[in-house]
2 protein chains.
Amino acid sequence: MSIDSPGFTIDLRKLRLLREVEQRGTVAAAASALHLTPSAVSQQLAGLARELDVPLLEKQGRGVRLTGHARVLLGHAHAIEAQLERARADLAAFDDGLVGEVRVATLPTAVAAVLGPAMAQLRAERPALRVRARDADPVGAIRALDAGEVDVAITVDHPGGPRRDDPRYARIDLITDILDVVLHEDHPLARGRTVDLGLLAGEEWISGNPHDACAAIADNACAAAGFIPDVRHWTVEYDALAALVSAGAGVGLLPRLAQPLRFGNVRTVPVAGPPPARLVYAITRAGRPADATTSIVLQKLREVAAARHDATSPLVP
Amino acid sequence: MSIDSPGFTIDLRKLRLLREVEQRGTVAAAASALHLTPSAVSQQLAGLARELDVPLLEKQGRGVRLTGHARVLLGHAHAIEAQLERARADLAAFDDGLVGEVRVATLPTAVAAVLGPAMAQLRAERPALRVRARDADPVGAIRALDAGEVDVAITVDHPGGPRRDDPRYARIDLITDILDVVLHEDHPLARGRTVDLGLLAGEEWISGNPHDACAAIADNACAAAGFIPDVRHWTVEYDALAALVSAGAGVGLLPRLAQPLRFGNVRTVPVAGPPPARLVYAITRAGRPADATTSIVLQKLREVAAARHDATSPLVP
DNA sequence: TTAATCATTAAGTCCATCTAGATTTTCTTC
DNA sequence: GAAGAAAATCTAGATGGACTTAATGATTAA
């Protein structure tokens, strides 16, 4: 349908004219109230009636009377004008961060620790500010951010991702997610308070997604301990990695955010010395000053992360 | 506020452009879908952003991205377009008598017998067809009908009212409302099966509103019986007339629609011979064929009146 | 009957919107 | 890295819709 074909839309200005005629009783009075000539009002309403193919005005003495069609139409006009008024109010409220939708791409593991609590608090504090969350791995998160599909991404560094000082983005560090060793409960080191990674040089290793930060961090940690891990298995899901350990297939490293595990025969043990970790941060496009809504979500994420950090996952300096 | 001042209304066509840009992703695609040039879409959206004083589009690579403001606006646009769609549907349904409002002016006494039951049935059968009722005496009813304030009047003939064959109106007879004599229970004739009016020639009479049909009918009935009643009291409300009889102030005639009375010491007795009566009818303007909604209400009134007529108030031939 | 009020029509003016072409920016490809 | 393609925007000019003025017809009031 073409944009100027009849019936494409209804001109709200004409509805306004009709409403004014209803309230003031005559075309002339409506025209005067709107600073128009009666001729203009008459022509516009005749045009509206033609577009809709219904009679709107009937002659009544030397004045006019609204038809039943016109009254039906006006019933909706009131609703539409009210909706427009709400739209206008919401546009203003958007600038104050009271109304709007902020789209967030997040690491699945960050939902429980950060995004979920933040959304719960925001829902209570600002009911008209909606957060729309979606899962994304680090690659997908940055891609969605670049494409404008999301306003905020909660993610970690990954190979090929933007550098920390990339001017196209603004970051807020949220929490340091420490990686622990995952061992079967029968493993000789499973009961230790910490584990020296070097002692696991001879084990069969289970690695995460090679595109993910965890795999690289694990490799680096092993390299620092002086060996290259013998990776026999790859998984994308942390749960699958834990399941493999549970089955005795090998050992691995798992971020604390993905814990606790649901396998009774698996133990997680902190790494001895400086812990391998990944920094979870929120990142936004840095073009111009962010919307108030986005700033509020970021601030809430920072608050929630700070509380969480005190509890379980100390930031490394 | 002038009709073309900024903020008077929002052009729905521009909202439609914005929605198309949202769905298709680019200005060019939206323009193509609407058979316009990209230039036109760009200019219109720039104008909308200027009118609303909010940014709607941001540059994103070589394309554009919608701002948070734009998404807030579009949330309302969906609601508005849905409302417009409903308006269009209702305009069509009006012609089928499914949707609309019919305004009725009615004799107060006709509500219980005719209009009330008709409204109840219509509410069940056609929930979207609304009847708006208001009280009116015969003079006010015709005046409201002429002024276009109501579509139907339920009334009776009155002095100065339109003649039965007035071409400006169309009538539908509803019920013949017979007038009975009202007597105090101690009156010697109060226990009779009928009363000969001539026997009441010496009584003090209580009359209704002189502008009302009842007063004229009573006068005529008395004249036919060979006397002119000695009217000592006038009332507008039937209830007041009955109260006067109850107080022993005199006798009178009361329409059957106003009965039963709430005074225990008052009796109503039919007039002997041809009963004085007033014809209750529905009347509409006769200019052009009535709206389907109005016709449906009239038809329902006729049905209800026919049923009522069988029960209590036989039509005189 | 005359005058006044109201709506509508006809004709002309003016402004918003559209098209066409040029420009700028950005992405892709060689 | 250069060239080309794609996208949006800008400018200028054309077009159509909306408004005004003036005239007409109908109705009411005096």
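This is a short dialogue on reading the DNA surfaces, the core and one arginine in a predicted model.

Student: What should I know before I start?

Tutor: Residues are numbered from 1 along each chain as its sequence is written, while chains are lettered from A and ligands numbered from 1 in the order in which they are written. The model is predicted, so local features need pLDDT of at least 70, side-chain atom pairs count only at pLDDT 80 or more, and totals for chains, interfaces and linings use all residues; side-chain values use heavy atoms, with hydrogens and water left out.

Student: Which residues come nearest to DNA strand D?

Tutor: A residue is near a strand if one of its heavy atoms lies within 4 Å of it. Around DNA strand D there are 21 residues, and A:Thr37, B:Val27, B:Ala28, B:Ser39 and B:Ser42 come nearest. Of the strand D atoms within 4 Å of the protein, 70% are sugar or phosphate and the rest belong to bases.

Student: What polar atoms of B:Ser39 and B:Ala28 face strand D?

Tutor: A polar contact here is a pair of N or O atoms within 3.5 Å; within protein, one must be able to donate a hydrogen and the other to accept it, and residues adjacent in sequence count only if both atoms are side-chain atoms. For B:Ser39, a polar side-chain atom lies 2.8 Å from a base nitrogen of DNA strand D. B:Ala28 uses a polar backbone atom, 2.6 Å from a phosphate oxygen of that strand. From chain A, an N or O atom in the side chain of A:Ser39 is 3.1 Å from a base oxygen of strand D.

Student: And which residues are closest to strand C?

Tutor: Among the 21 residues surrounding DNA strand C, the closest are A:Val27, A:Ala28, A:Ser39, A:Ser42 and B:Thr37. The side chain of A:Ser42 has an N or O atom 2.8 Å from a phosphate oxygen of strand C, and a polar side-chain atom of B:Arg13 is 3.2 Å from a phosphate oxygen there.

Student: How do I read the core?

Tutor: In soluble globular proteins, nonpolar side chains tend to be buried together. A nonpolar core is a set of buried Ala, Val, Leu, Ile, Met, Phe, Trp, Tyr and Cys residues joined through side-chain atoms within 4.5 Å. The largest one has 58 residues, and A:Leu18, A:Leu56, A:Leu73, B:Leu18, B:Leu56 and B:Leu73 have the most contacts inside it.

Student: Is B:Arg71 buried or exposed?

Tutor: Buried means under 20% relative accessible area, exposed over 50%, and partly exposed in between (1.4 Å probe, protein chains only). B:Arg71 has 18%, so it counts as buried. Taking contact as heavy atoms within 4.5 Å, B:Arg71 touches A:Glu101, A:Arg103, A:Asp151 and B:Leu66, leaving out residues up to four places away in sequence.
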